[in-house]
Amino acid sequence: MTESRPHTLFSFGTLRDEHVQTALFGRAVPTSAASLAGHTTRPLTITDPSVIATSGLDVHLTLERKYGAEVEGAVLHLTDRELAAADAYEVDDYVRRRVLLSSGESAWAYLDAKPLRSAERIVIVGDSIAYGRCDPHGGWAAHLAAAHIAGNEARHRIFNLAIPGSTLTEVGEQTPALLGPRLPDTLVVAAGINDSALRLADARTDGDGPARIADSLDALAATAMAHNARLVVMGPIWLDETRTGDYGGLRFTEARALALRETLHAWCAGNHVDFLDMWEPLRDRTELFTDGLHPGPEGHRELHRHLTALST
């Protein structure tokens with residue numbers, strides 16, 4: 001079976017060691033010097049005995065964001081089999097994601113598995129739920145901002161650019177012009193349920209929905225990469241379809257919201273993008289909604305607690 005063209009993997013730690021490469025890949029792999037802007041490193045304690053045995057170290061490095069910083073490393077040129085071996089070597093604290101090197105080329109790198117834990121400057125885009133409608137305190141995004149900024153008031157920033165009523169198509173079109181002055185390192189796409197809504201004037205199922213959503217996410221991924229930002233997709237929350245009724249000419253159903261959730265999850269899995277599943281914390285808890293669609297203040301607090309557990 002013919003292997004694909006080499007994959008490029010940015011390494012800033014033990015994978016640059018020829019002894020580690022030989023143990024994992026059976027050879028010292030081709031490498032070239034490279035750097036990654038907007039990042040720094042911090043130590044990570046390793047407890048997996050097999051990883052410690054291979055590297056000879058019980059403390060490795062992990063990346064975190066820092067505007068103006070740069071990490072020196074190397075690009076490894078790997079086959080499919082070798083990339084799979086590198087995946088198996090990395091512990092659960094890491095996930096493989098695309099990054100933009102200082103050269104302007106993209107490569108794989110192993111990042112913190114908790115996507116907001118290493119973030120510094122976060123932009124949130126989405127619809128009315130991300131905006132915080134029906135919560136005078138600003139919703140889950142405001143709770144996230146308070147905790148994030150408290151962690152480092154001098155450097156941490158959150159910009160909530162959500163617009164009520166937005167679809168993913170509209171978010172994909174509007175976002176590129178918004179990011180430049182905010183210098184984001186993380187782009188959180190809070191995919192609400194507007195993309196799942198059925199217009200009452202059209203009883204047909206939108207058969208092009210998954211393809212349209214994928215196109216929008218492709219565009220957002222390209223936008224994030226252009227800004228050297230990590231893309232994080234949040235899935236839809238549960239809704240109480242018995243209370244939503246005819247909402248502005250739209251009909252929201254649990255089945256269609258679940259289909260949207262599955263489409264988002266599948267796209268993220270296929271593209272190595274972080275997916276934060278927001279369905280469960282409010283499921284069947286209709287008392288936490290104001291209208292079956294928008295959470296009230298306590299509902300937003302529940303969403304924030306769930307998001308914190310998943311991502312920080």
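D284 is exposed, since its relative accessible area is 54% and the exposed class starts over 50%. The model shown here is predicted. D284 sits in the loop between strand 13 (274–276) and helix 11 (297–311). Its backbone also stands out on one count: phi is near 65°, a positive value in a residue other than glycine.

**A second positive phi**

C134 also has a positive phi without being glycine, with a value near 75°. This residue is found in the loop between helix 4 (128–131) and helix 5 (139–151). Is C134 buried, exposed or partly exposed? C134 counts as partly exposed, because its relative accessible area is 31% and that class runs between 20% and 50%.

**The whole chain**

The protein chain holds 11 helices and 13 strands. Its C-alpha atoms fill a box of roughly 65 × 50 × 40 Å along the principal axes. How does the radius of gyration agree with that of a compact globule, and why is 20 Å the value to look for? The chain has 312 residues, so a compact globule would come out near 20 Å; the value for this chain is 21 Å, which agrees.

Buried residues make up 49% of the 312 residues. The accessible surface comes to about 14100 Å². Carbon and sulfur atoms hold 53% of that surface. Contacts often link distant parts of the sequence: among contacts with a separation of 6 or more, 76% join residues 24 or more positions apart.

**Two partly exposed residues**

L183 lies in the loop between helix 7 (176–179) and strand 8 (186–190). With a relative accessible area of 36%, L183 is partly exposed. Setting aside neighbours within four places in sequence, L183 is in contact with Y67 and R121. Another pairing spans the sequence: L183 and A229 are 46 residues apart, yet their C-alpha atoms are 8.8 Å apart.

Q174 belongs to helix 6 (residues 168–174). Its relative accessibility is 34%, so Q174 counts as partly exposed. Which residues does Q174 touch, not counting those up to four places away in sequence? They are I163 and S166. V125 is 49 residues from Q174 in sequence, and the C-alpha to C-alpha distance is 9.4 Å.

**Spaces inside the model**

The chain has 4 cavities of 30 Å³ or more. The largest cavity has about 140 Å³ of space. Its lining counts 17 residues, and H39, R65, L111, D185 and R230 lie nearest the centre. Strand 3 (59–78), strand 4 and strand 5 (106–112) are the elements that give two or more residues to this lining.

The second largest cavity has about 100 Å³ of space. It is lined by 13 residues, with I129, A190, A191, G235 and I237 the closest to its centre.

The second largest pocket holds about 220 Å³ of space. Of its 13 lining residues, R98, A221, M225, L231 and V273 are the closest to the centre. Which elements each supply at least two residues of this lining? They are strand 4 (94–100), helix 8 (209–226), strand 10 (230–234) and helix 10 (254–271). Helix 8 gives the most, with 3 residues.

The table sets out the three linings by residue class.

| Space | Nonpolar | Polar | Charged |
|---|---|---|---|
| Largest cavity | 7 residues | 4 residues | 6 residues |
| Second largest cavity | 10 residues | 2 residues | 1 residue |
| Second largest pocket | 7 residues | 3 residues | 3 residues |

Strand 4 links two of these spaces. It gives two or more residues to the lining of the largest cavity, and it supplies at least two to that of the second largest pocket.

Methods: Residues numbered from 1 in each chain as written. Predicted model: local features only at pLDDT ≥ 70, side-chain atom pairs only at ≥ 80, totals over all residues. Heavy atoms only, no water. 1 Å grid on protein atoms, 1.4 Å probe; cavity = no way out; pocket = protein on both sides within 12 Å on 5 of 7 lines; lining within 4 Å. Points joined across faces, edges and corners; volume = space filled by probe spheres on them. Helix = DSSP H or I, 4+ residues; strand = E, 2+ residues; numbered from the N terminus. Nonpolar A, V, L, I, M, F, W, Y, C, P; charged D, E, K, R; others polar. Rg over C-alpha atoms; globule rule 2.2 N^0.38 Å. Buried < 20%, exposed > 50% of the residue type's maximum accessible area, 1.4 Å probe, protein only. Contact = heavy atoms within 4.5 Å. Areas by Shrake-Rupley, 256 points an atom, 1.4 Å probe, with all protein chains shown as cover.
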